[in-house]
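I opened my notebook to look through this structure one topic at a time. Here is what I wrote down along the way.

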Amino acid sequence: MYCLLKCAPLILAVAVCHGWLFGDFVRKQELNEISLWPIPQKFQSSAVAFKLSPASFQIVHAKQSSAGPSCSILENAFRRYFEYVFGDLKSRKKVYDSDLVELQVWITSADPECDGYPSLQTDESYELSVDEPSAVLKAANAWGALRGLETFSQLVYEDDYGANNINKTEISDFPRFAHRGILLDSSRHFLPLKVILANLEAMAMNKFNVFHWHIVDDQSFPYMSRTFPDLSQKGAYHPFTHVYTPSDVKMVIEFARMRGIRVIPEFDTPGHTRSWGNGIKDLLTPCYSGSSPSGTFGPVNPILNSSYDFMTEFFKEISTVFPDAYIHLGGDEVDFSCWKSNPDIQKFMVQQGFGTDYSKLESFYVQRLLDIVAATKKGYMVWQEVFDNGVKLKDDTVVEVWMGNKMEEELQNVTGAGFTTILSAPWYLDYISYGQDWQRYYKVEPLNFPGTDAQKKLVIGGEACLWGEYVDATNLTPRLWPRASAVAERLWSDKSVTDVGNAYNRLAQHRCRMVKRGIPAEPLFVGHCRQEYMGL
Amino acid sequence: MCCAVLFFFLLIVQVDGVWPLPQQLDQSADRNSLSPQRFSFTYGRDSAAQTGCSVLDAAFKRYFSIIFPDFTKGSGLLIVKTRGCDGYPDEDSDESYNLSVSEGQAVLRSVTVWGALRGLESFSQLVYQDDYGSYFINKTEIVDFPRFAFRGLLLDTSRHYLPLHAILKTLDAMAYSKFNVFHWHIVDDPSFPYQSRTFPDLSNKGAFHPFTHVYTQSDVMRVIEHARMRGIRVIPEFDSPGHTQSWGKGQPNLLTPCYKGDVPSGSFGPVDPTVDTTYKFMESLLKEVKFVFPDSYVHLGGDEVSFACWQSNPNVRTFMEKMGFGKDFTKLESFYMERTSIVWQDVFDYHERDTVLEIWKGETYQAELSRMTKAGHRVLLSAPWYINHISYGQDWRNSYAVQPQNFSGTEEQKKLVIGGEVAMWGEYVDATNLNPRLWPRACAAAERLWSDEEKTLNADLAFPRLEKFRCELLRRGIQAEPLFVGHCKHEYDGL
């Protein structure tokens with residue numbers, strides 16, 4: 001008995017060879033050199049290899065360092081990176097002599113910033129020198145040291161006998177852009193704390209430094225507010241299991257701080273606020289069907305003082321809960337149809353002399369909101385529509401460009417008006433497709449728009465966005481990694497780093513490294529990792 | 001009548017669907033409560049299967065903890081081998097069942113244990129909890145049977161190695177969706193993870209790693225037994241003469257050496273069809289496969305053979321001349337497939353009717369179906385269900401819209417469509433992303449292959465039922481991704 005069946009994958013055989021021959025077959029020196037991600041600005045390595053023994057190797061504060069054992073950021077990082085380098089306890093029992101006895105971490109500025117938070121101005125540069133008998137990592141502050149520790153851990157490789165090796169290396173490194181972010185959306189689907197923390201971990205492995213937390217939206221309001229507990233009580237998917245308590249939020253912020261990552265929360269208004277309306281009466285505009293209310297609600301009601309009173313109280317809380325100097329205020333995709341239907345709004349429009357131009361009403365609202373938030377001494381980020389609609393913005397406002405069409409023109413306009421900007425339009429990672437789409441993200445050049453040098457300097461970075469319509473804890477992590485890693489290198493490494501073939505080899509290694517560290521990063525293509533993902 | 005299973009519960013409303021939808025389902029609002037302490041599965045007095053039936057004893061235990069996740073008591077029944085329960089499902093297995101839930105008792109009747117498994121799955125989906133945690137089931141009558149006998153899912157363990165637990169988990173989820181064939185595309189160009197007892201070098205040299213990236217004989221046994229317990233057939237695929245790069249590493253002289261001009265280039269092409277050693281090797285390998293895999297079917301591949309290497313090789317060209325094939329290399333391919341088949345027929349006691357063709361070419365599958373069935377071949381459809389091809393949004397709707405018998409042909413021709421399968425090729429898939437990519441997207445095809453098409457054409461009507469089913473999958477520990485915005489009571493708590 002037999003059965004003849006036909007089936008076949010639709011792939012390019014040429015590409016296969018490239019992919020699956022990689023891995024164990026690569027010579028060790030080569031493997032070492034190619035596996036750094038993102039690639040440092042200046043990098044020199046020789047074939048001279050030193051052994052590191054888990055029994056004797058140490059990460060220590062340099063004598064000259066301004067930081068010491070009281071620096072919890074570094075103490076935690078030392079432990080974390082020791083574990084990354086030497087793996088699990090079992091492999092740490094291996095006994096052999098160490099050529100390299102220590103990594104000295106030398107913080108050079110008077111204030112190591114151990115108790116502070118990273119900011120947009122933070123200097124993340126570092127210098128790393130690996131030589132016998134000590135490696136030295138020099139950075140101005142703890143944040144730069146974190147980046148250097150990640151690089152150091154990526155330089156260590158295992159030889160065929162399981163011993164850890166590192167090559168003689170000199171690195172001088174700094175980020176190309178100051179704002180390198182990941183947006184996660186915890187409203188369309190609730191993301192358990194564990195998932196957020198794991199992704200902060202993965203962000204640090206890729207030298208991302210901003211977690212843009214799109215925490216609430218139309219679908220649900222999981223942020224538990226102390227001032228207005230009804231917001232999550234009535235607006236979350238579930239008032240107990242699907243919320244972020246104040247201590248959850250604190251934990252996210254501290255976990256991020258330990259990794260040199262800023263947490264910028266987004267409280268998007270006046271649109272995208274349906275879930276807010278469940279907990280706050282009269283906040284949203286009642287929509288009308290003919291001359292009577294239809295029972296549905298639109299954006300925040302911009303004509304009531306109570307709306308602004310609420311926002312004042314609410315953002316007072318937010319400004320104390322989140323330590324970062326910036327809050328993202330959203331301001332995108334406001335649908336005018338509900339405002340148009342409401343007779344009170346119509347009357348207000350006439351009173352204010354707005355005619356029928358509802359974008360003026362939107363600007364009226366946003367302007368008042370910005371003033372409210374400015375009074376809390378916070379800076380703000382907004383989506384591009386707010387700028388497009390001509391709202392008067394503070395000088396330090398960051399405008400986020402997200403619309404794919406006319407992206408270059410928008411960058412030109414925003415920077416032309418003197419505002420700093422970040423780019424997310426080409427990096428909407430929720431749009432999935434078959435194949436290696438990371439290459440598309442990799443090939444983006446953020447400064448590729450017409451403008452003066454001064455204008456280009458106003459582009460301070462970018463963000464990879466993973467919107468939540470089709471994403472929750474089940475698929476978030478493999479969908480984000482290593483696709484977001486492509487964006488990470490674009491934002492960190494030099495402009496000239498554009499070789500996709502070289503990037504493929506390094507990224508394939510890097511994703512195996514993430515898998516080894518417990519992050520379920522999906523494969524780039526056919527092949528294998530020495531240690532496959534085990535946590536199912 | 002082979003099996004009758006009774007459920008007892010206390011007397012005591014929410015009506016929700018079952019996925020895939022049963023052929024006939026009548027529910028009333030009368031609800032009965034189930035007490036985990038009092039509930040039990042028992043064999044009916046007239047049942048041919050009784051305690052000791054391995055498949056059902058294990059299924060009782062499994063479904064008890066699926067229905068009552070907080071109660072681990074379960075039934076501690078002895079597993080003793082009895083006749084009828086120790087076999088393997090095959091293409092003629094009768095999977096029909098009748099389920100009648102009334103006051104205090106439910107009766108599940110089926111001809112075979114495999115039907116009983118399907119009925120237990122439906123039963124488990126009928127039970128629900130109210131806000132206080134009490135369990136309920138509504139008065140229900142189900143008459144159910146599959147539309148197609150072959151409802152398969154393909155996993156590819158060559159392009160990426162899938163750890164055993166990933167395969168076992170997939171089998172669990174398959175049973176929840178009433179899939180009944182695991183098509184194991186076990187080897188291919190990139191790697192040969194199957195550890196052969198006859199030719200150990202195949203995996204020693206052809207796997208990604210000879211120890212960590214292989215399936216040992218006991219791994220394979222475990223997969224087969226895990227599948228059997230869930231009424232799932234395991235059909236392995238050993239694809240040749242193309243897709244065999246990894247075979248060549250452990251089996252010298254199996255592949256055709258490619259030439260560059262007059263000298264071998266050092267690279268290799270498809271299996272060398274001109275030498276007898278090839279067929280001897282295939283015979284030994286197929287004998288082993290027959291011994292290891294109990295299913296009467298094995299998938300021989302035979303797809304996508306590149307002729308360039310054969311063309312370059314002087315020995316192959318001489319052979320072509322000798323055989324009078326001219327320059328037509330498809331003749332050489334047929335020659336190989338025929339000889340392999342003959343080997344196969346000897347090994348497997350071949351009968352003409354058992355050939356099944358699988359249609360995989362996407363754009364023209366209706367025409368192919370029409371052509372193949374006209375020629376009298378039995379066919380399987382996988383073309384529209386290559387779910388490794390991902391895209392943004394609710395692409396399950398495309399899978400759901402497929403109508404396997406919607407092609408021009410006679411009634412007789414349509415009957416030749418024996419089923420279909422969902423294929424998850426492995427180029428971009430490994431243990432990190434397999435599960436959320438499979439589920440619940442594969443569920444769409446599962447319903448198409450099981451349920452009455454007339455009752456399941458509207459995807460909008462199916463949506464809430466599928467949404468609920470994906471939450472149920474999550475509750476059962478399957479990492480099924482969301483269909484759209486929303487939430488489940490029990491979210492996935494892994495990573």
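**Entry 1: a group of strands in chain A.** I began with strand β4 (residues 126-130) of chain A, which pairs with β5(A) in the antiparallel sense over five bridges. I looked at the turn next: β4(A) and β5(A) form a hairpin, with three residues between them. For one pair of partners I noted Val130(A), which stands opposite Ala135(A) in β5(A).

Then I asked which way strand β3 (residues 102-107) of chain A runs beside β5 (residues 134-139) of chain A, parallel or antiparallel. I found that these two strands run parallel and are joined by six bridges. Here Val105(A) is the residue that stands opposite Leu137(A) in β5(A). So that I remember it, I copied a general point beside my sketch: side chains in a regular strand alternate between the two faces of the sheet.

**Entry 2: how far to trust the model.** I reminded myself that this is a predicted model. I wrote down its overall scores, ipTM 0.88 and pTM 0.91. Chain A averages a pLDDT of 91, and 92% of its residues score at least 70. I marked residues 1-33 of chain A, where the pLDDT is below 50, although the model gives this stretch 104 contacts beyond near neighbours in sequence.

Chain B has a mean pLDDT of 89, with 91% of its residues at 70 or more. Which elements of chain B have the lowest and the highest mean pLDDT? I found strand β1 (residues 3-8) of chain B at the low end with 59, and helix α15 (residues 441-450) of chain B at the high end with 98. I also marked residues 73-82 of chain B, where pLDDT stays under 50 and the model has 20 contacts beyond four places in sequence. Residues 349-353 of chain B are below 50 as well, and this stretch has nine contacts beyond near neighbours in sequence. My note to self is that predicted coordinates should not be read in detail where pLDDT is low.

**Entry 3: odd spots in the backbone.** I looked for cis peptide bonds and wrote down one from Trp37(A) to Pro38(A), with omega near -10°. Pro38(A) has its place in the loop between α2 (28-34) and β1 (42-52) of chain A. In chain B, the bond from Ser240(B) to Pro241(B) is cis too, with omega near 5°. Pro241(B) lies in the loop between β10 (233-237) and α6 (245-250) of chain B.

I then checked His272(A), which is not a glycine but has a positive phi, near 55°. I placed His272(A) in the loop between β10 (262-269) and α8 (274-279) of chain A.

**Entry 4: where the two chains meet.** How many residues does each chain bring to the contact? I read off 74 from chain B and 58 from chain A. Together the chains bury about 6,200 Å², 63% of it on carbon and sulfur atoms. On the side of chain B, Tyr392(B), Tyr428(B) and Leu495(B) lose the most area to chain A, together 15% of what that side buries.

I turned to the charged partners and found four salt bridges between chain B and chain A. In one salt bridge, the side chain of Asp430(B) meets that of Arg511(A) at 2.9 Å, N to O. Across the interface I also noted 23 residue pairs in polar contact.

Next I listed elements that give two or more residues to the side of chain B that touches chain A, among them α3 (164-176), α10 (329-348) and α16 (459-475) of chain B. The element that gives the most is α10(B), with five residues. My last tally was by class: this side of chain B has 32 nonpolar, 25 polar and 17 charged residues.

Conventions:
Residues numbered from 1 in each chain as written. Chains lettered and ligands numbered in written order. Predicted model: local features only at pLDDT ≥ 70, side-chain atom pairs only at ≥ 80, totals over all residues. Heavy atoms only, no water. Contact = heavy atoms within 4.5 Å. Buried area = accessible area lost by both parts, 1.4 Å probe. Polar contact = N/O pair within 3.5 Å; in protein donor to acceptor, adjacent residues only side chain to side chain. Helix = DSSP H or I, 4+ residues; strand = E, 2+ residues; numbered from the N terminus. Nonpolar A, V, L, I, M, F, W, Y, C, P; charged D, E, K, R; others polar. pLDDT = per-residue confidence, 0-100. Pairing = 2+ DSSP bridges.
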